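Work through these short exercises with the sequence and the model side by side. Try each task before you read its solution.

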Amino acid sequence: MSMTHRKRHRSQLDENRSLALERVIRLFELAEETFGKNPELADRYVRAAWKLKTRYNLRLPRSLRMRFCRKCLSYWRPGVSSRVRVKSGRIIITCLRCGRVKRLPYGTGGGSKLPAEALGKNVNTACDQKLED
Ligand SMILES: [Zn+2]
């Protein structure tokens, strides 16, 4: 049985997906910026990002996955809308809105220092797109 390795077109879909991912990242940056002033708007950014994620079947980087609640789709600001703990090599994030608990493995060596990404510090500050009503 021979494998026919044939690509259809140069994948337009892949291109769309990488654009979608960029947009998702930007939406999270906006959510981070907005959260202090308007948490509800921040949640709307998260929902918009989630829509893109599901539509394009994107795989989000870990730094984004620990920034929002998958259940209630609220933006997680540690200490405000989420509680972040490290326990025996795991990051445990509790959503303070709906109570969902997310556990992520965290590194090796059992250090107790939180990664910057869990604390939402790993954000670039590009903001050329706003979601407005
Ligand atoms: Zn939640």
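Two residues are in contact if their C-beta atoms, placed from the backbone, lie within 7 Å. The model is predicted: local features need pLDDT of at least 70, side-chain atom pairs count only at pLDDT 80 or more, and totals for chains, interfaces and linings use all residues. Residues are numbered from 1 along each chain as its sequence is written.

**Exercise 1. The outline**

Task: Find the order of helices and strands, then the share of contacts between residues 24 or more positions apart.

Solution. Start with the elements. Helices (H or I, at least four residues) and strands (E, at least two) are DSSP runs, numbered from the N terminus. The protein has three helices and three strands. Along the sequence they follow the pattern α-α-α-β-β-β. Now take the contacts with a separation of 6 or more: 55% of them join residues 24 or more positions apart. Last comes burial. A residue is buried if 20 or more other C-beta atoms, placed from the backbone, lie within 10 Å of its own, exposed if 12 or fewer, and partly exposed in between. Of the 133 residues, 20% are buried.

**Exercise 2. The helix pair**

Task: How do α1 and α2 run relative to each other?

Solution. Locate them: α1 spans residues 12-35 and α2 spans residues 39-56. Their axes come within 8 Å and cross at roughly 165°. Axes here are lines fitted to C-alpha atoms, for helices over the stretch in contact, and angles run from 0 to 180 degrees between N-to-C directions. Angles under 35 degrees count as roughly parallel, over 145 as roughly antiparallel, 65 to 115 as roughly perpendicular and the rest as oblique. The two helices are therefore roughly antiparallel. Then check the residues that meet. Those of α1 include A20, L27 and F35, and those of α2 include L41, Y45 and Y56.

**Exercise 3. The sheet**

Task: Which strands stand at the edges of the sheet?

Solution. Two strands pair if DSSP finds at least two bridges between them. β1 (residues 82-87) and β2 are joined by six bridges and run antiparallel. One bridge pairs R85 with I92 in β2. Two residues separate β1 from β2 in a hairpin, and S88 in the turn has a positive phi of about 35°. Next, five bridges join β2 to β3, again antiparallel. Here I91 stands opposite L104 in β3. Put together, this is an open sheet of three strands in the order β1-β2-β3. β1 and β3 are the edge strands: each has a single partner strand, so one side of each lacks a neighbour in the sheet. From one strand to the next, the twist averages 20°.

**Exercise 4. The four cysteines**

Task: Which residues does the "binding site" annotation cover, and is C95 buried or partly exposed?

Solution. The unreviewed UniProt entry lists C69, C72, C95 and C98 under this annotation. They are spread over 30 residues of sequence, yet their largest C-alpha distance is 8.8 Å. UniProt positions are given in the numbering used here, feature names are shortened, and annotations may be inferred rather than shown by experiment. Look at C95 in strand β2 (residues 90-95). C95 has 19 C-beta neighbours inside 10 Å, so C95 counts as partly exposed. Beyond four places in sequence, its contacts include C69, C72 and R100. C98 sits in the loop between β2 and β3 (101-105). C98 is exposed, because 12 other C-beta atoms lie within 10 Å. Outside four places in sequence, C98 touches C69, K71 and C72.
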